[in-house]
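Me: I would like a close look at one helix packing in this model. Please start there and work outwards to whatever surrounds it.

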Amino acid sequence: MGMAALALLFTSCEKDQPENATDLAQESVDMSDFYVHTDFNDEDSKAAEHGKNCYSMKNLNRLLKEDDKLYRKMYDIEKNTRSILAKQGNTAKGKPGSGDGGGTTPPPTDNLGVVSIPVIVNVVYSNSNENISQAQIDSQMAVLNADFRAQNSDAGSTPSEFAGLVADTEVQFTLADVRRYSNSTTQWGTNDAVKAQYPPFSPETHLNIWVCNIGSGILGYAQFPGGPAATDGVVVGPNYFGNTGYVSAPFDEGRTMTHEVGHYLNLRHIWGDGRCQQDDFVADTPSSDGPNYGCPSFPTVNCRSTDMTMNYMDYTNDSCMFMFSEGQKSRLRTVFASSGPRAAMAP
Ligand SMILES: [Zn+2]
C-alpha cells in the first residue's frame, strides 16, 4: 500500500468523522442572552405580602460572588444544554404565538428513558413539629413522583391554551434514606449552615434534601447544577414539605419541593427573574414581567402573551400550579446527558 492509498484512508476517515463538527455545532449556539446574576428585587415586598419566597436565585448570586469560576462553569453547562437541544431540533428561543416555533416544542429525543433519582431526606429539628413524620416524608415523595410524571390529579385543570404542553418529564424519585438530627438551632438561614453541619450523602448520585426551619419567610432554596458538591441539594421548611402532617396552607401540597427540584435540575423561574425581555431559556413558556402570586385568574396577560401561571416554576399557591412544559422537560433532561452536570444520575 503506497502513501497515496494511506492518505486516502485517512481522508475518508476524516470525512466520516469531521473533527471540527463539534466545534461548528458549538459555534452555532447563541449564548447572547445568557445571564446568571439577577438583581430583580422588586418582587421582595410582594413576596412578603403573599408569604411566598424562594431563595434559589439569591443563593446563586451568593455562590457566584464566592467562587469566580462558577460563572464560567454555568456558562459551559448552559452552552452544552443548548448544543444538545439544537441537535434534537429543539431551541431555547421562541415564544408561543410569535410564529418562531414556540408552543410546538418537540419531545426530547434522548434515549435515557426514565431517570430515577435516589433521595436522602435530612430532617433537622429543634422541636417535635419539625421532626416530621415518615408519613409526611412519604407524602412528599408521592407528590414529587406525581408532578414530575404528570400523574398529578390536577393536571387536567390546565387551560386548553397550554394543555398540549403538559409534560411527563420521565424523572422519578425513590426514598433512599431518612436521617434525623436534633439541633437547638431554630432558624438555619440561607447560607448553607445546615449543609456544613450535616454534609450531603453522595451528592453526585443522590438528591439530598435538608428539611429544617430556614426563617425569614423563606420556603426553600435549591442549588443549580454546577455549584459545589458539598452544598448540592435542596433546603426546605418542614411546614412546606409534603401534603400531610405539619404543613401550612396555602403551601401545603408539596409543590415547594416540585419547584425547588426544578431549579436543582436547572429550570429557571418562569418569568426569567427579569422583565419581559429576560427569559427562562425555555421556548414554550411565555415571557412574563414578574412572578404571579396567589391563584391568578385565567388568562393573566403580561408581555403580550398569556402567563403560564399554573407552571411549577411560578410563585403561585400550591393548589394553582400543576404542570411542567415540554420545553422544560427537554431542558432539564440535558443535565443527565453524558456531557451533563448530573450524568452520574442517568440510568
Ligand atoms: Zn424558585
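Reply: The helices α6 and α9 cross with right-handed geometry. This is a predicted model. The two helices pack at an angle of about 60 degrees, and their axes are 9 Å apart. That angle makes α6 oblique to α9, because oblique covers what falls outside the parallel, antiparallel and perpendicular ranges, the last of which starts at 65 degrees. From α6, the contact is made by Gln140, Val143, Leu144 and Asp147. From α9, Met257, Thr258 and Val261 take part.

Two of these α9 residues lead on to a strand. Met257 and Val261 are both in contact with valine 234. Leaving aside neighbours within four places in sequence, valine 234 also touches Glu260 and Tyr264. Its other such contacts are Ile209, Gly220 and Ala222.

Valine 234 leads into the core. It is among the residues with the most contacts inside the largest nonpolar core, which has 56 residues. The others named for this are Ile209, Val211, Cys212, Val235 and Val236. Both packed helices belong to the picture: α6 (134–148) and α9 (255–264) each give two or more residues to this core. So do the strands β1 (115–125), β2 (171–182), β3 (207–211), β4 (220–222) and β5 (234–236). The largest share, 6 residues, comes from β1. A second, separate core has 6 residues, including Leu60, Leu63, Ile77 and Phe224. As background, nonpolar side chains in soluble globular proteins tend to be buried together.

Now the sheet. Its 5 strands form an open sheet in the order β2-β1-β3-β5-β4, and the pairing is mixed. β2 and β4 are the edge strands, each pairing on one side only. From one strand to the next, the twist averages 15 degrees. β1 and β2 run parallel and are joined by 11 bridges. Within this part of the sheet, valine 123 stands opposite arginine 180 of β2. The helix α6 returns here: it packs on the sheet and touches β1 and β2. The direction of α6 makes about 155 degrees with that of β2. So α6 is roughly antiparallel to β2 on the scale used here, where angles over 145 degrees count as such.

Beyond α9, the chain enters a loop. Aspartate 273 is found in this loop, between α9 and β6 (301–302). Is aspartate 273 buried or exposed? It counts as buried, because it has 22 C-beta neighbours inside 10 Å. The C-alpha atoms of aspartate 273 and glycine 290 are separated by 6.9 Å, although these residues are 17 apart along the chain.

Another helix, α10 (residues 326–333), is worth a stop. All of it is buried, 8 of 8 residues, so α10 is largely enclosed by the rest of the structure. Its buried residues include charged side chains by name: Glu326, Lys329, Arg331 and Arg333. Gly327, Gln328, Ser330 and Leu332 complete the list. What covers these residues includes α5 (70–87).

Last, the whole chain. It has 10 helices and 7 strands. Of its 347 residues, 44% count as buried. Among contacts with a separation of 6 or more, 70% come from residues 24 or more positions apart.

Key
Residues numbered from 1 in each chain as written. Predicted model: local features only at pLDDT ≥ 70, side-chain atom pairs only at ≥ 80, totals over all residues. Core = buried A, V, L, I, M, F, W, Y, C linked by C-beta atoms within 7 Å. Buried ≥ 20, exposed ≤ 12 C-beta atoms within 10 Å, placed from the backbone. Helix = DSSP H or I, 4+ residues; strand = E, 2+ residues; numbered from the N terminus. Contact = placed C-beta atoms within 7 Å. Pairing = 2+ DSSP bridges. Axes fitted to C-alpha atoms, helices over the stretch in contact; angles between N-to-C directions. Parallel < 35°, antiparallel > 145°, perpendicular 65-115°, else oblique. Left-handed = near helix turned anticlockwise from the far one by under 90°.
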